[in-house]
Amino acid sequence: IRRGQKAQAVGGPSTRLQHAAGIPDQATAVSQRVARDERLALFREKVAGLPEADRALVLHCGLEGLPHAQVAQQMDLTEGAVTKRWQRLRQKLQASDLPEYLLA
């Protein structure tokens, strides 16, 4: 925006238009980045409020993408228990207002 203001003070009408044309893209990129950061903060808050076992599932299954058999060994559970808990946790998180790309 500051660049656009400088362009208005220095250049003629065509120069100001050229500089102003880039401002919406920059402003949109910034607002998208801020919105994404807010959604990530919301995700962190939701995960921080989960029980420790559920946070471990988010870490191992969601973020690390480990196979359920490996997660079961780490958490001292059966593979079926990990699979079912992960399904329930995903459903619980999907019912919240988190964006879909964070739950993919």
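In this tour, two residues are in contact, or touch, when heavy atoms of theirs lie within 4.5 Å. The structure on display is a predicted model.

**The whole chain**

Begin with the entire protein chain in view. The chain holds 6 helices and 0 strands, and its pattern along the sequence reads α-α-α-α-α-α. Of the 104 residues in the chain, 23% are buried. Consider next the contacts between residues at least 6 apart in sequence: 41% of them join residues at least 24 apart.

**Stop 1: helix 3**

Select residues 52-63, which form helix 3. The 12 residues of this helix should span 16 Å at 1.5 Å a residue, and the end C-alpha atoms are 15 Å apart, which agrees. Now colour the buried residues of helix 3: Asp54, Ala56, Leu57, Val58, His60 and Cys61.

**Stop 2: His60 and its surroundings**

Remain in helix 3 and select His60. Is His60 buried or exposed? Its relative accessible area is 15%. Because buried means under 20% relative accessible area, His60 counts as buried.

Display the side chain of Glu64 as well. The side chains of His60 and Glu64 make a polar contact at 3.0 Å. Leaving aside residues up to four places away in sequence, which residues does His60 touch? They are Gly65, Leu66, Val71 and Gln74. Select Gly65 from this group: Gly65 stands just after helix 3 and takes a positive phi of about 65°.

**Stop 3: helix 5**

Move to residues 79-94, which make up helix 5. Helix 5 has 16 residues and reaches 22 Å from its first C-alpha to its last, close to the 22 Å expected at 1.5 Å a residue. Select Val82, Trp86, Leu89 and Leu93, which are buried in this helix. Turn the view to look down the axis of helix 5: the buried residues fall within an arc of 70°, so they line one face of the helix. On the other side of helix 5, select Arg88 and Gln91, which are exposed.

Keep Arg88, in helix 5, selected. Arg88 has a relative accessibility of 54% and therefore counts as exposed, since exposed means over 50%. Add Asp54 to the selection. Arg88 and Asp54 are 34 residues apart in sequence, and the distance between them is 10.0 Å, C-alpha to C-alpha.

**Stop 4: helix 3 against helix 5**

Two packed helices are described by the angle between their axes and the distance between the axes. Show helix 3 and helix 5 together. These helices pack at an angle of about 95°, and their axes are 10 Å apart. Helix 3 and helix 5 are therefore roughly perpendicular to each other.

To see where they meet, select Ala53, Asp54, Leu57, Val58, Cys61 and Gly62 in helix 3. Their partners in helix 5 are Val82, Arg85, Trp86, Leu89 and Leu93.

**Stop 5: helix 4 against helix 5**

Finally, select residues 68-75, which form helix 4. The axes of helix 4 and helix 5 come within 8 Å and cross at roughly 105°. That angle makes helix 4 roughly perpendicular to helix 5.

Which residues of helix 4 meet helix 5? They are His68, Ala69, Val71 and Ala72, and on the side of helix 5 the residues are Glu79, Val82, Thr83 and Trp86. Val71 of this group has already appeared on the tour, among the residues that His60 touches. Val82 and Trp86 were also met earlier: they are among the buried residues of helix 5.

Notes: Residues are numbered from 1 along each chain as its sequence is written. This is a predicted model: local features need pLDDT of at least 70, side-chain atom pairs count only at pLDDT 80 or more; totals for chains, interfaces and linings use all residues. Side-chain values use heavy atoms; hydrogens and water are left out. Helices (H or I, at least four residues) and strands (E, at least two) are DSSP runs, numbered from the N terminus. Buried means under 20% relative accessible area, exposed over 50%, partly exposed in between (1.4 Å probe, protein chains only). A polar contact is a pair of N or O atoms within 3.5 Å; within protein, one must be able to donate a hydrogen and the other to accept it, and residues adjacent in sequence count only if both atoms are side-chain atoms. The expected span of a helix is 1.5 Å times one less than its number of residues. The arc is that of the directions from the helix axis to the C-beta atoms. Axes are lines fitted to C-alpha atoms, for helices over the stretch in contact, and angles run from 0 to 180 degrees between N-to-C directions. Angles under 35 degrees count as roughly parallel, over 145 as roughly antiparallel, 65 to 115 as roughly perpendicular and the rest as oblique.
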